[in-house]
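Subject: Structure for you, with notes on pockets and cavities

Dear colleague,

Here is the structure I promised to pass on. My notes are below it.

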Amino acid sequence: MKRNVKFMSLLMAVTLMLSACGSATKNGALIGAGGGALLGAIVGKVAGNTAVGAAVGTAVGTGAGVLIGKHMDKVKAEAEAAAQNAAVESITDANGLKGVKVTFDSGILFQTNKSALNATAQKNLKEFSEVLKNNTDLELAVYGHTDNTGSAAVNEKLSLERAQSVANYLKSCGASAKQFATVEGKSFNEPVADNSTAAGRAQNRRVELYMYASKEMIDQANAGTLK
């Protein structure tokens, strides 16, 4: 009985939180007043992707959420201009805040079954690195993905090596190493398309880069100093 009461209370809190979000989504803000890490994470699960960004334990007010949303809109615009042959979209991080996801086609970055970046990929990533150098208060997560061809062990190794190749090259272009909170291989465990078709497997072979608010950015937003 107590568990049911707690669940209903939590559900009501989330409902109220999401209602508050409705008035705070203008200009990209995704959370409402004073949610904190717990409710921020819950909203993230409802509204987007909680795979990126550890809950920072800092309550984020409505105004701070708006500032972060506006900032991430600018980051997204920069990424769209800089990222060649990549898909750029908005996501929600673990704190319920707006972030940016950039998906690179592995077929453009690498030769089949290889993790060394080709010359075109290096040129494109060098241009994209300017986004990271211009926004040093972002944290980053880089994930490599494969299709389901071959063994799990081979794909796990390949996906990690490809994620590392992208991260290391961006660092060599001047991106700060401390920005890279996560660099991980996902093998074929998170497909976005049907692995039974050639077109689907091509979509599943990818490297995803997430840009989201660091604790430093959240603190700046709460202080009203984030531009």
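What follows covers the largest pocket and then the largest cavity.

Please keep in mind that this is a predicted model.

Pocket

The largest pocket has a volume of about 240 Å³. Its lining is made up of 15 residues, and those closest to the centre are Thr-112, Asn-113, Asp-147, Arg-162 and Arg-205. Two elements, α4 (106-109) and α6 (152-172), give two or more residues to this lining. The most comes from α6, which supplies four residues. Sorted by class, the lining of the largest pocket holds nine polar residues, three charged and three nonpolar.

Cavity

How many cavities of 30 Å³ or more does a search of the whole structure find? There is one cavity at that cut-off. The volume of the largest cavity is about 50 Å³. Its lining consists of Gln-84, Asn-85, Phe-104, Asp-105, Ile-108, Leu-109, Asn-124 and Leu-125. The elements that give two or more residues to the lining of this cavity are β2 (98-105), α4 and α5 (119-134). By class, the lining of the largest cavity has four nonpolar residues, three polar and one charged.

Taking the two together, α4 is among the elements that give two or more residues to the lining of the largest pocket, and α4 is also listed among those that do so for the largest cavity.

Regards

Terms used. Residues are numbered from 1 along each chain as its sequence is written. This is a predicted model: local features need pLDDT of at least 70, side-chain atom pairs count only at pLDDT 80 or more; totals for chains, interfaces and linings use all residues. Side-chain values use heavy atoms; hydrogens and water are left out. On a 1 Å grid over the protein atoms alone, a cavity is a set of points where a 1.4 Å probe fits but cannot get out, and a pocket is an open set with protein on both sides within 12 Å along at least five of seven lines; lining residues have an atom within 4 Å of a point. Grid points are joined across faces, edges and corners, and a volume is the space filled by probe spheres set on the points. Ala, Val, Leu, Ile, Met, Phe, Trp, Tyr, Cys and Pro count as nonpolar, Asp, Glu, Lys and Arg as charged, and the others, Gly among them, as polar.
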